[in-house]
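Here's a quick tour of one helix, its partner and the core around them. Have the structure open and follow along.

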Amino acid sequence: MNSPLLRAPVLRTALAAASCLLLASCASVPTTGPVVPSDGGDSSADPYGQYVRLLPAGPQTGVAPEGLISDFLKDMGSFEEDHKAARSYMLPETQQEWRTGGSVMVFDNLNTVDLEAEVSGDGLTATVRMRSPLVATIDENGKYVPSRAGVLLDETFVLARENGDPEGEWRIRSLPDELILSRLDVERTYRPFNLYYYNAEDSALVPDPVYLPVSTDQLAERLLQQLVEGPTDWLAPSVGTEFAEGVPTSVEVDEERAVVSVGRAGGDEFRMGAQIAWTLRQLPEVQDFTLRVNGSEVAFAGAEGQSPERPRPASNFWQSVGPGAVSQDVHAYYTHEGQLWSASDWDSDVIGEPERVPGPLGAGDVQLERFAVSVDERTVAGITLGGGTVVTSRTSPGSQVVEVLDDGVFSELSWDAGGNLWVVEEVPESGEEEPEEEPGGEAAEAGTTELWILRGGEQVVRVDVPGLRNESLVHFRVSRDGARAAVVTEVDGRRSLKLGRVVHDADGQVSVEGFITLAQELENVTDIAWRSADQLAVLGSREGGTPQAFLVPLDGGTPPASVGNSVTGMVSLSGAPGQPLVVGTDEGSIWISNDRMNWQNVTEGSSPTFPG
C-alpha cells in the first residue's frame, strides 16, 4: 500500500448615550486571532495590555434617583482607591460599611438596564429597582460562570436625601454587596488567569481559571495567595494541591522576584515549585521566585535561574508535570484507505513522512468507524463499522485486537493520561431493541446516552452524568489530564457546548458534573477537541455564518476566536499543545492551520486525531 500523498504548501436614551461614551474607553476582546501553540498558562499576551483607567464623573448635582443609579453603574467600573468613585454616591455611613466581598454580577450594557424609581410620600427616601438580563457572575474566588438564557438581574437600591434635607442631594443608603458591572467594564478591568493544581494521578497540572482585576496593585501577590489557598469550589472535587490546608503561608513580591514562604512542609517541594512556576509564568514582570519551607530556601538545580534558589518560572525544568499531558514530539493519526497512519512535524509547512501504525489496526485488519489514541501513544481504541463493538490494540508489531465492549451502539471515544478509555453509548428508543444489562450492573434507560469509563482500558465502570439527564450527549471529550470533560448536548434540536468536572469518589464511582455552558453564541457545533489544557477547538458557526473552526477558552468570559477562513466540507478537527489545528473534510483531505488566516492542505486521509 502506498503512503498517502503529501501536498505542498425606562432611561434608555440617556443610558444608551452613556454606553457610547464608555465604548470609546473600553478594551475590546478579539474574535479572531493567531493559532498560537501552547500547552496552557504560558501566555505571551501582556495581562495589563489594553487596560484603560476609567475617569469617573462622580455624582452630579440635582439628578433624580434613577439618574443617580445610572451614573453609579457607570462609575462602579473604577477600582482605584477601593472604589472611591462608587462610594462617593453613598451616604457617609454607607461608605464606611459597604464591602464588595469580591463577587460580581455582570449585565450586558447600559441600554439593557431598566430603572424604576419610587419616592416616599415625604420625599426623603426612594427605592430604585434595577433590572437587566444577567450575563454572568464572578464569585469571590474569581470563577466566571456564564448565566443561562432568560435569567434576570433584579436588584433594589434604597436612597435618602443628604442630611435629611428635602432639598438635599440623593445618595445611596443601602445596596447589594456585589459589584454590578457591565460586560465592557469586566473586559476593561478584569483578566483571566490560571491557577494550577494536580490531577487525580498527580501526573499533570490542571489549570483553574479565575478572573482578577488588573486595575489594582499587587497582582502577583493576589494570584499566588489564591493559589496557596486552594482551587475554586468548582474544580476542587477534581484536583489536589501540595499546599496543605491550614499551614501558614506568606507571599511577597519585590520588583522581579516572588517569595513564597510555607510554615512547614505540606508536600513535595518540586511539586509545590511547579504549581508556583506555572502560575507565575503568566506575569512577565516576575523573572524568578524563591520557595521557603520552614525558613529554608529550596534549591531547584537545573531551573535556569540566577541560582538554584531562584528558579525561572518559564524554565523547561517544570515541564514534566506541565498541563499539556503529552510529549512535545507528539504524532497525529489519521485513516487512509482503511488503514491507520501517523506523522510528526505537523507544525511545519510539510508534515513528516507518514508511517503506517504497527499492529492490526494500522494494517486495516479491522475496519473502524472512529478511533482514539491513548495519551502515551501505545494503544489505539476503535469503534467498528456499524458502531456495535469497541476494540483496542497496542501500537506494536504482533499486537492483537481485543474486544472491550460489545452489543451496543457506541459513538464517541477519548483517553485521559491515566490510561482510562471513555466511551459514549447510544441507548435505543423504546420500541426498538430492549437495552440489556451492562457491566455496571443495571440496565440503561431507553432513549438516552450512557457514558462508560474503562479503567486502564479494561475495567468497565458506568459514569454518572447528573446534570445531563434530559439532554442527548452528542459529543464527549475528556481532557488529557482527566479532570474535566467537554461535551456537546442537544435539546429540541439546539446544541450547547459545556464543560464539566470529573469526580472520582472513595467508593470508586465516577461522575461528570457541575456543567458550565461555554460559547453560547456558537451554533451547530459538529465536533470538539482539546487544543490545550485551557482551550478547546470547536467546529461550529455564529448565527447566520458559515461553519468554521473556533478556539474557545475555558475561562467562561473570553469569546470564541475564529481560525481563519472556512475550509469547505470540514467534518472533524483535532489539536494538541504546541501543535497546529488539523481538520479533516468530507472529501478525504487533511488541512492544518498555523496562523490566523490560512489553512494548508497537507495530505489525503480522514479523521485526523492527536492522542487523547
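Helix α6 is mostly covered: 8 of its 11 residues are buried, meaning under 20% relative accessible area with a 1.4 Å probe, protein chains only. Keep in mind that this is a predicted model, where local features need pLDDT of at least 70 and side-chain atom pairs count only at pLDDT 80 or more, while totals for chains, interfaces and linings use all residues. Numbering runs from 1 along each chain as its sequence is written, and side-chain values use heavy atoms, with hydrogens and water left out.

**Around α6**
- Among the buried residues of α6 are Leu-219, Ala-220, Glu-221 and Val-228.
- The buried part packs against β8, β9, β10, β11 and α7 (contact means heavy atoms within 4.5 Å; helices are DSSP runs of H or I with at least four residues, strands are E runs of at least two).
- Right after α6 comes Gly-230, with a positive phi near 115 degrees.

**α6 meets α7**
- Leu-223, Leu-224 and Leu-227 in α6 touch Gln-275, Ile-276, Thr-279 and Leu-280 in α7.
- By class, this contact has 5 nonpolar, 2 polar and no charged residues (Ala, Val, Leu, Ile, Met, Phe, Trp, Tyr, Cys and Pro count as nonpolar, Asp, Glu, Lys and Arg as charged, the others as polar).

**The core**
- The largest nonpolar core (buried Ala, Val, Leu, Ile, Met, Phe, Trp, Tyr and Cys joined through side-chain atoms within 4.5 Å) has 59 residues, and Ile-276 and Leu-291 are among those touching the most other members.
- Domain 2 (191-321) and domain 3 (332-428 + 446-609) both give residues to this core, so it lies between them; the bounds come from an automatic or database assignment.

Note on methods. Buried means under 20% relative accessible area, exposed over 50%, partly exposed in between (1.4 Å probe, protein chains only).
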